Every structure is written in structure tokens, then in C-alpha cells.
Amino acid sequence: MAAAALSLCSSLTPKLPHTQSTAALSLSRPNLSFLSHSLSSLTLTARKQPSLSFTVKLTDTEAAVSVSEPEPETESPVPESEPIVETAEVPKREEVFAVVMVGSRQYIVFPGRFIYTQRLKGANVNDKITLNKVLLVGTKTSTYIGKPIVPNATVQAVVEEQALDKKVIVFKYKKKKNYRRNIGHRQPITRIRITSITGYQDSPFVTLDS
């Protein structure tokens with residue numbers, strides 16, 4: 001049975017001539033060698049694709065159109081009428097200055113300003129004092145010069161504070177004697193505020209050329 005089956009299969013398969021089979025084999029070999037050579041020469045390279053950025057540009061008509069919801073109307077508070085207060089104009093005081101002598105020093109004083117002087121003995125805070133040694137009085141147009149003082153001219157002031165001046169360091173040193181002394185001193189002073197300058201109007205004066 002086996003021999004009969006083999007003979008039947010051999011009879012069914014087509015028989016090719018020997019020359020055709022060898023030619024087919026010879027043609028297939030060079031094609032395979034070409035394919036193997038081309039595959040070996042190929043190199044795979046990964047290319048990075050550039051990132052694309054998109055910007056949306058609106059036309060002038062589209063940019064001009066904007067949808068906005070209507071805001072609810074709010075009632076604005078009615079401003080209350082403020083009462084009008086009439087203020088009387090304060091007359092300007094005459095610009096005047098004076099040079100006074102307090103103790104052994106001379107000071108330029110202006111009404112409304114304060115100065116620091118040497119300690120005024122017997123003067124308490126809020127005491128009113130009068131300075132009689134007025135050496136000179138000056139205004140915008142006239143100058144009153146004393147010989148040595150302006151007659152009847154006085155300067156009124158108020159004592160505001162009795163205090164001490166800033167500390168002054170007194171350092172003593174003697175070379176080759178190991179002698180060093182560091183002493184601090186604060187001079188007592190008085191602050192007075194000038195209130196007015198009066199009594200100079202009847203004195204002879206010199207008019208300044210305008």
C-alpha cells in the first residue's frame with residue numbers, strides 16, 4: 001500500500017526539466033545577495049520634527065468687536081451740601097527783624113520764631129520777658145540803627161524751656177605722665193519765643209533806595 005501511494009504522488013506532481021531548475025536557482029542567488037548588501041548599507045536615523053507654534057491673529061474688525069455684558073446700574077449717592085464757612089482774612093504782619101544783646105552775645109530775632117540763649121536766671125517757663133538792648137531794627141524799606149541802642153525799642157518774648165545744650169567732650173592729656181582725663185559738659189540754655197518788636201517807629205531811620 002505504501003509503495004502504491006508514493007507512486008501515485010509522484011505521478012501527480014509535475015516534472016520540470018533539469019535545465020530549468022538550475023537556471024531558476026542561479027537567478028535567485030544574485031538577487032538575494034543584492035538585497036543583503038542593500039540592507040547592510042542602510043542606516044536608520046531619527047529626525048526631529050520642528051515644533052510648530054500657532055498664533056491666532058485677529059483682524060482689525062474682529063479685535064474691535066468685544067462682547068461685554070451690561071453692568072447693573074448703581075445709584076450714585078447724592079453729595080451733601082457742605083455749609084459755607086466764611087473766614088476773615090488775617091492781615092499780614094509787617095516783616096521786621098531786630099538785633100538784640102542777651103548777656104554778652106548778639107542775636108538776630110524775628111517775630112514768631114524762637115532762639116536759644118544763655119541761661120536766664122530767675123526766669124521760669126511761660127514767663128514774659130522784655131529785651132531792652134536793641135541794637136538795630138530793620139524793615140522792608142527802613143533801617144533803625146542804634147547809637148549804641150535804638151531808643152524806646154523793645155522786644156517781647158516768652159520763656160518756653162529751660163534745658164541743657166548738647167554734650168561737649170573735654171579731653172586732657174599729658175605725654176609721658178600717664179595723665180588722661182575725659183570729661184563731658186552740658187551748658188545750661190534757655191529757649192525763648194519772640195512775640196513782637198515795638199517802640200522803634202519814633203526813632204530816626206535810614207530809608208533804603210528802591
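## From an exposed loop to a buried strand

Lys-176 has a relative accessibility of 82%, so it counts as exposed; exposed means over 50% relative accessible area, buried under 20%, and partly exposed in between, with a 1.4 Å probe and protein chains only. The model is predicted: local features need pLDDT of at least 70, side-chain atom pairs count only at pLDDT 80 or more, and totals for chains, interfaces and linings use all residues. Residues are numbered from 1 along each chain as its sequence is written, and side-chain values use heavy atoms, with hydrogens and water left out.

Lys-176 lies in the loop between β8 (168-174) and β9 (179-185). Its phi is positive, about 60°, although Lys-176 is not a glycine. Asn-178 is in the loop between β8 and β9 as well, and it too is a non-glycine residue with a positive phi, here about 55°. With a relative accessible area of 69%, Asn-178 is exposed.

Now the whole chain. The protein has 3 helices and 11 strands; these are DSSP runs, numbered from the N terminus, with helices being H or I of at least four residues and strands E of at least two. Along the sequence the pattern is α-α-α-β-β-β-β-β-β-β-β-β-β-β. Of the 210 residues, 17% count as buried. The exposed surface comes to about 18,900 Å², and carbon and sulfur atoms supply 58% of it; areas are from the Shrake-Rupley method with a 1.4 Å probe, and for residues only the protein chains shown count as cover. Among contacts (heavy atoms within 4.5 Å) with a separation of 6 or more, 67% join residues 24 or more positions apart.

How are the strands of the open sheet ordered? The order is β3-β10-β7-β4, 4 strands with antiparallel pairing. The edges are β3 (114-118) and β4 (128-131), each of which pairs on one side only. From one strand to the next the twist averages 45°, using axes that are lines fitted to C-alpha atoms, for helices over the stretch in contact, and angles from 0 to 180 degrees between N-to-C directions. Two strands pair if DSSP finds at least two bridges between them. Starting from the β3 edge, β3 and β10 pair over 5 bridges, and Phe-114 has Arg-193 in β10 as its bridge partner. The antiparallel strands β7 and β10 are joined by 10 bridges, with Leu-164 opposite Pro-188 in β10. At the other edge, 4 bridges join β4 to β7, where Lys-128 stands opposite Val-158 in β7.

Thr-190 sits in strand β10 (residues 188-198). Its relative accessibility is 0%, so Thr-190 counts as buried. The side chain of Thr-190 makes a polar contact of 2.6 Å with the side chain of Gln-162; a polar contact is a pair of N or O atoms within 3.5 Å, where within protein one must be able to donate a hydrogen and the other to accept it, and residues adjacent in sequence count only if both atoms are side-chain atoms. A polar atom of the Thr-190 side chain also lies 3.2 Å from the backbone nitrogen of Leu-120. Beyond residues up to four places away in sequence, Thr-190 touches residues including Ile-115, Thr-117, Arg-119, Val-159 and Glu-161.

Nonpolar side chains tend to be buried together in soluble globular proteins. Here the largest nonpolar core has 22 residues, of which Val-100, Val-109, Val-155, Ile-192 and Tyr-200 touch the most other members; such a core is a set of buried Ala, Val, Leu, Ile, Met, Phe, Trp, Tyr and Cys residues joined through side-chain atoms within 4.5 Å. Two or more residues come from each of β1 (97-102), β2 (105-109), β4, β5 (134-138), β7 and β10. Leaving aside neighbours within four places in sequence, Val-155 is in contact with residues including Val-100, Val-109, Ile-129, Val-134 and Ile-194.

Just before Val-155 in the numbering comes the loop between β6 (142-145) and β7 (154-164), which holds Ala-153. Is Ala-153 buried or exposed? At 4% relative accessibility, Ala-153 is buried. Not counting residues up to four places away in sequence, Ala-153 touches Leu-131, Asn-132, Val-134, Thr-198, Gly-199 and Tyr-200. Leu-131 is 22 residues from Ala-153 in sequence, and their C-alpha atoms are 8.9 Å apart. Pro-148 is also placed in the loop between β6 and β7, and the peptide bond from Lys-147 to Pro-148 is cis, with omega near 0°.
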